[in-house]
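Me: Could you look over this model with me? I have a few questions about particular residues.

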Amino acid sequence: MINQDDYSLATLNAQLAPFASQLINQLQQESDTFTIGSVRDGQDGIVESTDDSPAKTWLILKTEQPIGLASIEQGEIGLAILKKEQGQGIGQMVVRALIDWVQQVDLAYLWLDVQEHNVPAIHIYQKMGFEFTGASQQLTLPNQRQVVILRMELPLK
């Protein structure tokens with residue numbers, strides 16, 4: 001298990017932006033997470049509401065080194081962690097922190113999309129109370145790879 005004292009969340013700001021940019025480049029080489037979000041948001045399908053809910057982005061740090069990004073916007077959780085850091089409980093720790101923040105700013109629920117084959121992530125989300133909504137979307141990425149994303153929600157009120 002991880003030593004939580006080695007990890008922290010830092011609110012993304014102008015000073016941390018260069019670190020985030022480098023990290024995003026590395027994350028994009030490792031996975032299709034950002035591509036999927038871009039393709040999803042550019043297609044019809046799952047309809048998202050727009051509102052004035054609080055939004056925030058954090059760098060996930062391990063002993064002060066960026067290893068991932070986490071965000072909440074319009075109730076949607078975004079989470080990306082470097083592959084070499086996955087499988088250690090970091091995602092679960094971060095999602096707990098995001099849930100705590102959301103409860104402080106009084107959002108009614110959280111939601112996320114997860115690839116249907118990402119069994120470890122689905123397991124974590126279910127363990128934390130997220131449930132499938134029944135909504136799914138098949139996407140064709142620019143590299144012609146087909147992915148199916150599933151919508152999960154966590155009611156907080």
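**Contacts, turns and rings**

Reply: Not counting neighbours within four places in sequence, glutamate 85 is in contact (heavy atoms within 4.5 Å) with Tyr7, Lys62, Ile67 and Ile90. Keep in mind that this is a predicted model, where local features need pLDDT of at least 70, side-chain atom pairs count only at pLDDT 80 or more, and totals for chains, interfaces and linings use all residues. Residues are numbered from 1 along each chain as its sequence is written, and side-chain values use heavy atoms, with hydrogens and water left out.

Me: Is glutamate 85 buried or exposed?

Reply: Glutamate 85 counts as buried because its relative accessibility is 7%, where buried means under 20% relative accessible area, exposed over 50% and partly exposed in between (1.4 Å probe, protein chains only).

Me: And what is the polar contact between glutamate 85 and lysine 62?

Reply: The side chains of glutamate 85 and lysine 62 are joined by a polar contact of 3.1 Å; the term covers a pair of N or O atoms within 3.5 Å, and within protein one must be able to donate a hydrogen and the other to accept it, while residues adjacent in sequence count only if both atoms are side-chain atoms.

Me: Changing topic, what is the phi of glutamate 64?

Reply: Glutamate 64, although not a glycine, has a positive phi of about 70°, and threonine 63 also has a positive value, near 45°. Most residues other than glycine have a negative phi. Glutamate 64 is exposed, with a relative accessible area of 61%.
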